[in-house]
Amino acid sequence: MRRYNGNGRRNLPPAGEIPKHYDFTEVEERWQRTWRDEDNYFDRRSPRPRYIIDTPPPYPTGNFHIGNALNWCYIDFIARYRRMQGFNVMFPQGWDCHGLPTEVKVEEEHGITKNDVSREEFRRMCRELTARNIELMRRTMRRLGFSTDWSNEYVTMLPEYFSKTQRSFLRMFHSGYIYQAEHPVNFCIRCETAIAFAEVTYQERETTLTTFDFDGVEIATTRPELLAACVAVAVNPDDERFTRLHGKELTVPFFGQRVPVLQDGAVDPTFGTGAVMICTFGDKQDFHWWKEYNLPLRKAIDRKGTMTGIAGKYAGMRVEDARKAIAGDMKKANLLRGEKRITQRVGTCWRCKTPIEILSERQWFIRVKHDEILRAAREVTWIPEYMRTRLENWVAQMEWDWCISRQRIFATPIPVWFCDACGEMILPSEDDLPVDPTVALPKAPCPKCGGVKFTPEEDVLDTWMDSSISVLHVTGWDGSGTPPLFPAQLRPQGHDIIRTWACYTILRSVALTGQKPWEGILVNGMVLGEDGFKMSKSRGNIIQPEEILGKYGADSFRQWSASGAATGSDVMFNWNDVVAASRLQTKLWNIVRFILPKIGDRAGGTGEVTALADRWLLDRLSGTVAEVTSAMEAYAFDQALKAIREFAWNILADEYIELVKGRLYSEEPERESAIAALSITLDALIRMLAPFVPHFAEECYHHLKGRSVHREPWVEFGFRDAAAGEKGDLLTRIVSELRTYKHDRGMALNAPFGRLTIYTKSPVDDSGDAARALNAEVLWRTEEPLLEKRVQDVKFNMGIVGPAFKGRAREFMDAVRRLPRESLENPPAAMVLGGDEVPVPAGAFTPNFTYAIGGKDVEIVTVGDVIVAVERAP
Ligand SMILES: [Zn+2]
Ligand SMILES: [Zn+2]
């Protein structure tokens, strides 16, 4: 029988020889060397039901950060659980390579700008840096023990992948989804590229509101430099201050163009002066008016953020400099009427936080068909459900089509040329992909005019164009229709990229296959720093996974991920949680170390489970298995791990083992029953732990069974014995109470106790467990105890006696002690004290009883309605 594979086999410790201390570093490294990648490969020929995970392809920064690690832990729990359930699981790993951060890094590392070298050379540098970064991140992933399917790794910058991106571009162009147009787009002048609305983040900024004289009308604006691009002035039609202007034209100060005065209900008369200038383009509202009133286009700002020729003397200035210069000139010309600081919500580039400009540009777009996206989104199961609303809200407010062209270099080229002679757009055939039009030429002359000179499209594709077909790629898309393994079963991702990755994937999936991309989407939260804030360099609250791995190991980290929060919620990092996780591991190791030698070579044996405590344990185990399984099905990893922890720590270790220890060391025939129960329980426990702590579980299972737990099926254990459940609960409670009794009286827990008579409603046969656990003679009785109850003495409540009797308190107490016993139990209303009759205040004293059975003194302990008579050993 093949038990383990790989070269690490010879390094395994002999099964059964269990070291006292669990050395996580040694164990984790050893299993990582022993496990084979092949065991996690998806099998395309397998008849087993498939489970395909559309894993996020991270951006190769070289740093697999704690947020990634959390998300991947969730994915790995699912992948391992589904494999144990018999699914043919694909847990692929992609790398979303293209994009600006790598370009910037390359410029830094080589001390160049992208224009210093050829495009191809610059791309080569980017690919090289990316390859190095991927390797660094792979290393962290392996240290975390993920069961990644490395045979399904993909790298978006490589031709095998980006030719699919280009193919999807051609398909969507031909089916009318993609078009090219001059249209206003969000533009980052620092990144020098167009960006999509999904990439605009809004921030509160302080800015100056300048009020000035605009041809006799006062106007307030935060962008005086846009006067050069002013195409109209608008007022509210109901604003009587401006009735005189209706139908008039005004002259723009400094620039001289004549502009109409429009009346539009969207103008807020309470903002600024109530009159606004419309420029191309100050904001989205300007765009709406521009379109609605068919206004001319005046471009005052270029792609680099400098003023254009129409800005006259300000041409060539940076936007901010022009703003100051114009404000200064207004002052000189005596046009300035006021300046005040205001806070404003400004759209900024999500990467570099530079305020975006709206520039009218020739760009490529994908048509957003809202209904299609929403319909497919509704067919997907969202976990948690409320995340679907976030997508729906976003889609509802998408007004502009998705701008997919970028003015960068390290990205998938747009496979298009234009004929120099007639301007015809030339597309390659799918067979010629991948293609870089700046390097290669079309295979044939221009079909329209026969021209042979072409201008390549230099724009490249948005990186979301690469990553939004990840699911098509992993399911085997070849460009034609629906991929063979479509749709995937699960998309795991963070809530921060719902409007981008989730939304674009659904859009593309519907456009290319007509179907939803996945059956379900699992949305996880972000990891916050110990201070409760998002981790960031500036706050200095970043924790790297490596730091935790070094101190507590991968399995503790994984446990922390599982127990942190419900999926969907943000998780605050906390060292204490990691320490608690490592403590549970130590506790579990001690449990295993205790149990294993008792089981010996009978692991997996089928001894009969007869004793009450053993049947109780299996009943509880069965309940735990059901609870853990349903939590796993709901991706409630925190609940699953909590149920395992409570079972292992409280029920198995603290209650059961303490109860049956004596039997395990004895020669009793029912010892075998305990061994069978422990063997079943340990096996089930380790298998339930396997998805969460794969190294630890593997080590334990190696000692238990000598084979890999990761090839075992998920636990299906149904053992229900309601009577044993109920009586076992009672038994463990009684033993626990009596142990507390011993402890409270300063007795050693193993000290001889004496005789215990336990009176229960129905008979209990505990196979002598209570007697051994308590070191007592135990008699179980079902008859009513014939208790003789006597008042022994009384206890005074000085809080009542003191104030009531003051100086006569002692006298009162002595008198009480002389009362007949019956009066102590039922105090009289009054009594005689030194000749005076005085009332006895309620609650002044309470009697202490002693008990006897058959004339023998006993102590009584009650556990619910069970009475235990204790005759202490002398
Ligand atoms: Zn930017
Ligand atoms: Zn032509």
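The zinc ion (ligand 1) is held by four protein donors, Cys 188 (SG), Cys 191 (SG), Cys 349 (SG) and Cys 352 (SG), at 2.2 to 2.4 Å; donors are N, O and S atoms within 2.8 Å of the metal (3.2 Å for Na, K and Ca), water not being among the atoms. This is a predicted model, in which local features need pLDDT of at least 70, side-chain atom pairs count only at pLDDT 80 or more, and totals for chains, interfaces and linings use all residues. Residues are numbered from 1 along each chain as its sequence is written, chains are lettered from A and ligands numbered from 1 in the order in which they are written, and side-chain values use heavy atoms, without hydrogens and water.

The angles among the four donor atoms run from 99 to 120 degrees, and the site is tetrahedral (four donors, all angles between 85 and 135 degrees). The donor residues follow the spacing C-x2-C-x157-C-x2-C. Cys 188 belongs to strand β5 (residues 178-188) and Cys 352 to the loop between β13 (336-349) and β14 (357-366), so this pair ties together parts 164 residues apart in sequence; strands are DSSP runs of E, at least two residues, and helices runs of H or I, at least four, numbered from the N terminus. Cys 188 is buried, with a relative accessible area of 0%, whereas Cys 352 is partly exposed at 22% (buried is under 20%, exposed over 50%, partly exposed in between, with a 1.4 Å probe and protein chains only).

Strands β13 and β14 also contribute to the lining of the second largest pocket, each giving two or more residues. β7 gives the most, with six residues.

Definitions and conventions: Tetrahedral: all angles 85-135°; square planar, octahedral: opposite > 155°, others 65-115°.
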